[in-house]
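Here are a few exercises to work through with the model open. Try each one yourself before reading the solution.

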Amino acid sequence: MITADRTTRRLTEEPERKHADEDGPQKPDLKKPAGPNELLKRMKNVDPDQAKKYRQRSGQ
Amino acid sequence: MNPILAGIETEYGFLVEGHGPEELVDDATLFVQSHPGQHYAGWDYRFESPRRDLRGFVLSQLATDPQDALWDSGRVRVSDAEIRSDRVLTNGARLYNDHGHPEYSTPECWSLRELVLHDLAGEEWLRRTAHSLATRLGRSVRVFKNNSDYHGASYGTHESYLVPRSLGFDRVFAACLPMLVVRQLVTGAGKVGAESGAWVDFQMSQRADFLVEVTNAETLFRRPIFNTRDEPHGPPDQWMRLHVICGDANRIPSCTARKVGLVKLALTLAAEELAPRWPIRNPVQAFQAMSRSLRDDARIDLEGGSWTTPRAILESYLDAAEQGLGLKPDTRPLAMSLLSDSSWADDLACIVGETRAVLESPELAAQRVDWRAKRGLLQMYLDSEQASWRDPIAQALELAYHDLDPEESLFDALVSAGEVDESWPPAEIERRRFEAPEGTRARLRGAIVREMASQITHLSWSKVSVLDQEWMLPPDLEVFDPLDSPTQIEEFLRKIKKAP
């Protein structure tokens, strides 16, 4: 989820104009799953009821 | 062979912590109004015609979803303009509230590379806007790039293709319909379960459950495989727009490129009168059965009693491209080939070669096709935990695949683990957050937003009014880098600034 006080993801300030020669934003400093075990750990952290609670309006 | 201008509109799913679906319209308005970048606020709807049909008539009204009407009953809302809160960005894109979803429309792009990069730039704008809204509300905000809520509500990822009117509806329809049915094999985003008909553990397409007709101009209800909305956003005697609404929201960028590239291929073959003919007997049934079969050799019945398979149909287009158009297939990963080549023919050659490679190699498909990557990931979890596809965790994991937050997203986890190999350069994506595609009218739109937003009186895809003067922006207008000398943009702006 995206929260106001997230500190692990850097959000750069909006530049007045783009600068084509800049490197762009830094990649977020995330824990990188190294293989199946790490992926499984990550999946075990998912709220099992989140799809049940997920309701949207019909769009186009 | 002529290049085809295309764009993608994505309606994102989203949640504000503690809020319910009744609040989504208001929340989507706040979401768009939280856009943290430079923009022009407004959009000129006077010339849009969503009820006009490609077949030459105008619908009296468009259908709406009855559940949404229930949620809306008794609610007093502000004006349509405030609800939609249109934003036009300096990269020529649009961000607005469409039926309770933040919708990002990429600018018009000639090349697949530009379109993919702008689609990714849109994801980044959504992340930043969600962060801005979370700060404003003091609540967490989650954004999902998907097409369904598991409760029967669907929202679209639409593609638009600029097509010469001279091609005619019949030829475009005949060339594209079979492709729209079968391309899910190599472009579907995948879904756990079903939202119409009998339960299925997993299917290729997010949208198949919501398709009920072969053709019509509807988008909110009774959705078709082939949408006939006729809004070219340019001179209607010269252009029509193929508006595709049956595709999925892809997380793998090369899947996005393949999704669009295959339709461009069908349109190119139509223009050259080389498109294969596949008279599918019941296209809706074929689309849905194929989605549920997960097989490339599922049976597709044809008129006259014969039948074929999704793979045979797809390969017939690739064969026609190689034999009829003389394209030499490029089998490199799409990210690599599209970033290194730039011509229109190169784009199609990449699509032809890479699609063939994906068809022939399940290992490659598992790395480059969303539904296959997602299914493999979920199957690993279910096997490990001895869980079933019917357990709530299966849909919960599937939803997490589409989460735009890299810390929560299982798609991002797959990329980090090296299971999905996509190397689209972050600096290139970042540049597209601010800069419109070269050689398009979006370049001009973006420059005007950047340089003189406060003086715009009307702005739409095809027109701009500044200082009470109105200019048409034809879709094939070629606008290049403003840093080159002397440029159309500079001349245009100079002319506007000098206007009385």
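**Exercise 1: the cores**

Find the largest nonpolar core and the residues with the most contacts inside it.

Solution. In this predicted model, the largest nonpolar core holds 98 residues. Those with the most contacts inside it are B:Tyr161, B:Val172, B:Ile225, B:Phe226, B:Leu242, B:Leu265 and B:Leu267. Next, look at what feeds this core: helix H7 (residues 253-271) of chain B gives the most, with nine residues. Then look for a second core, separate from that one: it has 21 residues, and B:Ala93, B:Leu95, B:Ala134 and B:Val143 are among them.

**Exercise 2: around B:Phe226**

Which residues does B:Phe226 touch, leaving out those up to four places away in sequence?

Solution. Start with B:Val172 and B:Leu242, both on the contact list of B:Phe226. Add B:Leu54, B:Phe169, B:Phe173, B:Cys176, B:Leu177 and B:Leu180. Finish with B:Val214, B:Thr215 and B:Asn216.

**Exercise 3: B:Thr215**

Decide whether B:Thr215 is buried or exposed, then work out its surroundings.

Solution. First, place it: B:Thr215 sits in strand S11 (residues 211-216) of chain B. Its relative accessible area is 18%, and the cut-off for buried is under 20%, so B:Thr215 counts as buried. Not counting residues up to four places away in sequence, B:Thr215 touches B:Arg55, B:Phe173, B:Pro224, B:Phe226 and B:Thr228. With B:Arg55 there's also a side-chain to side-chain polar contact, at 3.2 Å.

**Exercise 4: confidence**

What is the mean pLDDT of chain B?

Solution. It's 92, and 96% of the residues in chain B reach 70 or more. For the complex, the predictor gives an ipTM of 0.91 and a pTM of 0.91.

How values were computed:
Residues numbered from 1 in each chain as written. Chains lettered and ligands numbered in written order. Predicted model: local features only at pLDDT ≥ 70, side-chain atom pairs only at ≥ 80, totals over all residues. Heavy atoms only, no water. Helix = DSSP H or I, 4+ residues; strand = E, 2+ residues; numbered from the N terminus. Buried < 20%, exposed > 50% of the residue type's maximum accessible area, 1.4 Å probe, protein only. Polar contact = N/O pair within 3.5 Å; in protein donor to acceptor, adjacent residues only side chain to side chain. Contact = heavy atoms within 4.5 Å. Core = buried A, V, L, I, M, F, W, Y, C linked by side-chain atoms within 4.5 Å. pLDDT = per-residue confidence, 0-100.
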